[in-house]
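Trainee: I should like to understand how the terms used for a protein–DNA model are justified. May we take them one at a time?

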2 protein chains.
Amino acid sequence: MIRVVVVDDEQLVRAGLRLILEAAEDITVVGEAADGVGALEQAHRLRPDVVLLDVRMPGVDGLTAAPQVIAAGAKVIMLTTFDLDEYVHQALRVGAVGFLLKDTPPRDLAAAVRTVAAGNAMLAPTVTRRLIDSFAERGPARRDAARERLAPLTIRELEIVREVARGHGNADIARRLTMSESTVKAHVSRALAKLHVGNRVQLAILVYDADLL
Amino acid sequence: MIRVVVVDDEQLVRAGLRLILEAAEDITVVGEAADGVGALEQAHRLRPDVVLLDVRMPGVDGLTAAPQVIAAGAKVIMLTTFDLDEYVHQALRVGAVGFLLKDTPPRDLAAAVRTVAAGNAMLAPTVTRRLIDSFAERGPARRDAARERLAPLTIRELEIVREVARGHGNADIARRLTMSESTVKAHVSRALAKLHVGNRVQLAILVYDADLL
DNA sequence: TCCGGCCCGGACGGCGGGTAGGGGTCTTCC
DNA sequence: GGAAGACCCCTACCCGCCGTCCGGGCCGGA
């Protein structure tokens, strides 16, 4: 049985959600709250599997409450009437695994709760679309290309180049890796030659593109 | 009526998909193909709204065919038995707006076709989950923070700092922006002071995080 | 044995970063 | 209207760090 808490400032919405969810035999609504504070309190006291959290609410809103609710051990599905980019970005960043519009059909809502409870994620189709778009443009296209370029480097060289990309000077790197500054210079120099770049900034750019922190 | 083409190397799978989709009254399967070449041919000839494309196929597989199918004006939903990260990344990068596993229930499959035809996107829950994860860690969190840090810079300083982040030397920058090398150095120096960083590599890192190319 | 990776030293030229200051425009305040 | 000040852009000069080139030594594996 999946235990759910619904949080919304409008009592009518809460009632509607409860009605929809209770209709499913494997879901039970164990609590309600009208704002972020109540949500957090219920999350700690009732230990629900899933919390449906309205984005906008008077007092502490859903977005600010979400991180702590998640920390309390619950999966969070955000609910909203409008899927503004700002909301979505922030919600997903703080760890929400669902983002639905309030016009979601009942059966999809129940399905979302099950999906999330199972450790997966569920987004409204429009949200999914935009998430894919933002992923595609920033995709791992350059990443693979950059890694290809970094391939000829030896282990040690790569290690030093990563330090370079962190913005450290040669002296710093020498200290961190406990070696002579001359050695660091030699490694950097050979890396520059292998990668056909002129200075350490371009070195850092490559490491950055390759996504190696 | 949503016009669909199904592409899979196994005839049995194609028949199954056709059966499922034809059961929906607003969907009609107008064509089938067994590989990427056939998919592209059908896409051009039949102009379907949606193409269901198997990832792995003998000959030209779905991933390589997808870009051209999309270019032909169809929405693409990728199908696969295993949701390997590599597949997902590549598929979404080339413009697929759906990614489903072959164990997707019939009604979800039809729903996915409708969703995609409406211009939105539909992913398998497990895929959505991992997409969110990769978004959260690489999200616009640092971007905004970095832009905040770069705020105190003047227009000109920012202009120069961006050149720095491209890996250009001071002399290069001076030539590009038609000013003295001394001037460039001064700007860089003041930028370093304002941002409280020690060298130009860290400067480049900030610009990179801020996503200003 | 030779080869390749990893480590070190020294010296040199050039680039990078700090400092000081001149000229320009705009606001503020008398 | 004019002076003071703030801010930005530009420049010249000095020095430390970076990058290169020359050495060389130590190890592991083909």
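Mentor: Let us begin with a term: a polar contact is a pair of N or O atoms within 3.5 Å. The model before us is predicted.

Trainee: What makes B:Ser180 a polar contact of DNA strand D?

Mentor: A polar backbone atom of B:Ser180 is 2.5 Å from a phosphate oxygen of DNA strand D. The cut-off is 3.5 Å, so the pair qualifies as a polar contact.

Trainee: How do you know that B:Thr183 and B:His187 qualify by the same rule?

Mentor: For B:Thr183, a polar side-chain atom lies 2.7 Å from a phosphate oxygen of the strand. For B:His187, an N or O atom in the side chain is 3.3 Å from a phosphate oxygen of DNA strand D. Both values are within 3.5 Å, therefore both pairs are polar contacts.

Trainee: Why are certain residues called near DNA strand D, and which come nearest?

Mentor: A residue is near if one of its heavy atoms lies within 4 Å of the strand. There are 16 residues around DNA strand D, and A:Ser189, A:Arg200, B:Thr154, B:Ser180 and B:Thr183 come nearest. Of the strand atoms that come within 4 Å of the protein, 74% belong to sugar and phosphate.

Trainee: What makes up the surface near DNA strand D, by class?

Mentor: That surface has eight polar, four nonpolar and four charged residues. At least two residues each are supplied by α10 (181-195) of chain A and α10 (181-195) of chain B. The most comes from α10(A), with five residues.

Trainee: Turning to the protein chains, how do you know how much area chain B and chain A bury between them?

Mentor: The size of an interface is often given as the accessible area lost when the parts come together. For chain B and chain A this is about 3500 Å², with 63% of it on carbon and sulfur atoms. In chain B, the residues that lose the most area to chain A are B:Arg93, B:Phe135 and B:Tyr208, together 18% of what that side buries.

Trainee: What is the count of salt bridges between chain B and chain A, and how many residue pairs are in polar contact?

Mentor: The count of salt bridges is zero. A salt bridge requires a side-chain nitrogen of Lys or Arg within 4 Å of a carboxyl oxygen of Asp or Glu, so no pair across this interface is counted as meeting that rule. The polar-contact rule, by contrast, finds ten residue pairs. On the side of chain B that touches chain A, α6(B) gives the largest share, nine residues.

Notes: Residues numbered from 1 in each chain as written. Chains lettered and ligands numbered in written order. Predicted model: local features only at pLDDT ≥ 70, side-chain atom pairs only at ≥ 80, totals over all residues. Heavy atoms only, no water. Buried area = accessible area lost by both parts, 1.4 Å probe. Polar contact = N/O pair within 3.5 Å; in protein donor to acceptor, adjacent residues only side chain to side chain. Helix = DSSP H or I, 4+ residues; strand = E, 2+ residues; numbered from the N terminus. Nonpolar A, V, L, I, M, F, W, Y, C, P; charged D, E, K, R; others polar.
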